[in-house]
Amino acid sequence: MKLELRGITKRFGSLVANDHIDLVVQPGEIRALLGENGAGKTTLMNVLYGLVQPDEGEILLDDQPTAIHSPRDAIRARIGMVHQHFMLVPVFTVAENVTLGSERVRGLATPAVNLGGLRIPALGLPSLGLLDRRKARRDVLELSERFGLRVDPDALVEDLPVGVQQRVEIIKALLRDASVLVLDEPTAVLTPGETDDLFRIMRQLREGGRSIIFISHKLKEVQAIADTITVIRRGKVVGERPPDTSDAELASLMVGRSVQLRVTKAPASPANVVLDVQDLSVRGERGEHSVRGVSFQVRAGEILGVAGVQGNGQTELCEALMGLRPSAGSVHLDGVDLSDASTRDRLRAGIGYIPEDRSEDGLVADFSVADNLVLDVYDRPPYASGIALNLTAIRDSAAGRIEEFDVRTTSVLTPAGTLSGGNQQKVVVAREMGRDVKLLLASQPTRGLDVGSIEFVHKRLVAQRDAGAAVLIVSSELDEIYALADRVAVMYEGRIVAFCPPTVPEHELGLLMAGGEAAGTSGSRDGSGTPAQEPEQS
């Protein structure tokens with residue numbers, strides 16, 4: 001099915017989110033929408049899916065104007081959408097989620113009343129039916145097998161990894177016979193392996209004649225999967241390019257200026273030990289040991305990068321360091337024992353924390369941007385005097401941070417939950433990097449950010465290091481680890497299996513992340529010969 005958007009314009013007050021956008025997607029084409037955070041990509045697709053009504057423009061399907069006023073209209077027009085934040089019911093099974101809203105039923109007799117021994121159909125009463133769960137299961141299994149999606153129809157969604165939940169969303173769209181499938185930032189929460197699986201599924205769908213609109217800000221991904229790349233900047237289409245276009249050209253189109261894609265930094269000058277972790281063990285959600293006797297140090301003026309396949313204890317490690325999860329072992333910050341300290345006390349002691357899940361742990365969605373920017377200092381001068389908040393100081397500070405970190409919002413009073421995912425991340429980064437800290441703990445600091453924002457955050461992280469802070473970064477992006485880290489700690493099954501310099505070849509680092517032993521590392525020692533599990537004090 002051919003899709004055409006003509007002159008789509010959408011305004012939110014004074015903000016023009018989409019400015020007369022034209023877009024054509026041919027049958028069997030993967031069209032990438034590339035742009036900065038807040039460029040208008042998601043708004044455009046929300047218009048297509050009926051979640052937002054345009055102020056101007058029209059939608060054509062197979063050259064016929066089509067009115068789409070709601071998602072129901074979009075589904076009837078064979079348009080499906082997988083949102084960045086999944087629309088699934090956690091306590092329902094896969095089969096129940098997939099058929100939600102279009103349930104198959106097995107009919108029963110029409111309700112009747114007994115009159116003088118005669119059963120007469122009750123007029124005006126609906127016929128009864130039972131959910132056909134077996135049919136739902138068969139549908140899921142059939143689509144799973146046809147497209148290699150590998151999903152258990154009886155599994156509860158809340159028990160599934162993020163990558164599998166995404167497959168459930170795709171099956172849900174395919175079950176409704178979607179001819180055009182919109183994927184909004186589908187790789188934002190996926191591991192590299194899950195991303196490869198998604199791309200395989202996308203190619204298979206394309207071969208079957210389906211059109212795919214792939215929203216992303218990751219250059220390598222759109223180059224790897226797209227047939228055509230449309231670049232949107234500040235609500236306007238600024239160019240269309242083939243996938244073999246250079247990184248530099250695509251980045252320049254996105255941001256409107258040349259972008260430095262590599263981190264430039266001077267060699268580190270490590271000083272005193274700021275963070276000293278000894279024999280730290282942490283239990284996971286089901287009581288298993290997620291972190292097993294980990295010991296390491298981070299010094300002032302250095303960046304320690306933690307590399308590992310997601311799910312090997314990195315999340316639990318960060319939460320334990322912030323006091324969000326019970327742990328055994330010791331944690332010292334600048335010589336002060338914080339092992340039993342609360343999260344509040346750790347923040348007060350000088351730890352800045354960029355959490356992995358911004359929506360769950362980093363923001364209060366209903367609070368304004370200004371309020372979110374002072375969540376950890378709201379009760380301190382100049383933001384408070386006694387029990388009274390200084391609202392003017394809070395808003396003035398927020399205005400400065402918004403400009404400094406390029407947060408795209410119409411007002412400091414805008415609820416943080418209404419911002420795009422990337423701009424929400426900028427709010428968290430602005431809050432944590434906007435104050436003096438001894439240790440900056442950053443878990444997936446650039447998740448959901450575009451190349452221009454990544455460049456900015458990387459420079460700020462290096463600036464924190466150069467200002468004398470100790471920086472601990474956890475990232476699933478190996479490019480980010482290589483670009484920023486002065487030392488690399490590799491985690492596997494809850495243990496640090498090696499300390500490496502950032503010059504270690506990528507295949508050796510990958511081998512360590514998979515539990516193997518790379519040549520020359522012994523899997524347990526850092527570059528100076530200090531045992532990985534028991535670093536020497538110096």
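In which sense do strand 17 (residues 303-307) and strand 24 pair, and over how many bridges? In this predicted model, the two strands pair in the parallel sense, over four bridges.

**Close-up 1. Strand 24 and its pairing partners.** Strand 24 spans residues 470-474. On the side of strand 17, Val306 has Val474 of strand 24 as its bridge partner. Strand 23 (residues 439-443) also runs parallel to strand 24, and five bridges join them. Within that pairing, Leu439 is matched with Ala470 of strand 24. Helix 15 (residues 451-466) completes a right-handed β-α-β unit with strand 23 and strand 24.

**Close-up 2. Side chains of strand 24.** Ala470, Leu472 and Val474 point one way from the strand, whereas Val471 and Ile473 point the other way. Residues of both groups are buried. Because five of the five residues of strand 24 are buried, the strand is largely enclosed by the rest of the structure.

**Close-up 3. Salt bridge between Lys236 and Asp19.** The closest N and O atoms of Lys236 and Asp19 are 3.7 Å apart in this salt bridge. The pair links distant parts of the chain, with Lys236 in strand 14 (residues 236-241) and Asp19 in strand 2 (residues 15-25), 217 residues apart. Lys236 has a relative accessible area of 44% and is partly exposed; Asp19, at 24%, is partly exposed as well.

**Close-up 4. Salt bridge between Glu29 and Arg31.** Here the closest N and O atoms are 3.2 Å apart. Both Glu29 and Arg31 are buried.

**Close-up 5. Surroundings of the loop between helix 12 and strand 21.** Arg348 forms a salt bridge with Asp379, and their closest N and O atoms lie 2.8 Å apart. Arg348 belongs to helix 10 (residues 343-349) and Asp379 to the loop, so named above, with their positions 31 residues apart in the chain. Arg348 is partly exposed at a relative accessible area of 26%, and Asp379 is partly exposed at 29%. Tyr378 is placed in the loop between helix 12 (369-372) and strand 21 (384-385). With a relative accessible area of 39%, Tyr378 is partly exposed. Together with Leu389 and Leu391, Tyr378 forms a nonpolar surface patch of about 280 Å² of accessible area.

**Close-up 6. A network of salt bridges.** Glu36, Asp406, Arg408 and Lys426 are linked in this network.

**Close-up 7. Ala399 in helix 13.** Ala399 is found in helix 13 (residues 391-405) and is partly exposed, with 39% relative accessibility. The C-alpha atoms of Ala399 and Val412 are separated by 6.5 Å, the two residues being 13 residues apart along the chain.

Methods. Residues are numbered from 1 along each chain as its sequence is written. This is a predicted model: local features need pLDDT of at least 70, side-chain atom pairs count only at pLDDT 80 or more; totals for chains, interfaces and linings use all residues. Side-chain values use heavy atoms; hydrogens and water are left out. Buried means under 20% relative accessible area, exposed over 50%, partly exposed in between (1.4 Å probe, protein chains only). Patches are made of residues with over 30% relative accessible area and no salt bridge: like charges are joined within 9 Å, nonpolar side chains (Val, Leu, Ile, Met, Phe, Trp, Tyr) within 5 Å. Accessible areas come from the Shrake-Rupley method with a 1.4 Å probe; for residues, only the protein chains shown count as cover. A salt bridge is a side-chain nitrogen of Lys or Arg within 4 Å of a carboxyl oxygen of Asp or Glu. Two strands pair if DSSP finds at least two bridges between them. A crossover is right-handed if, with the strands pointing away from the viewer, the path from the first strand over the helix to the second runs clockwise.
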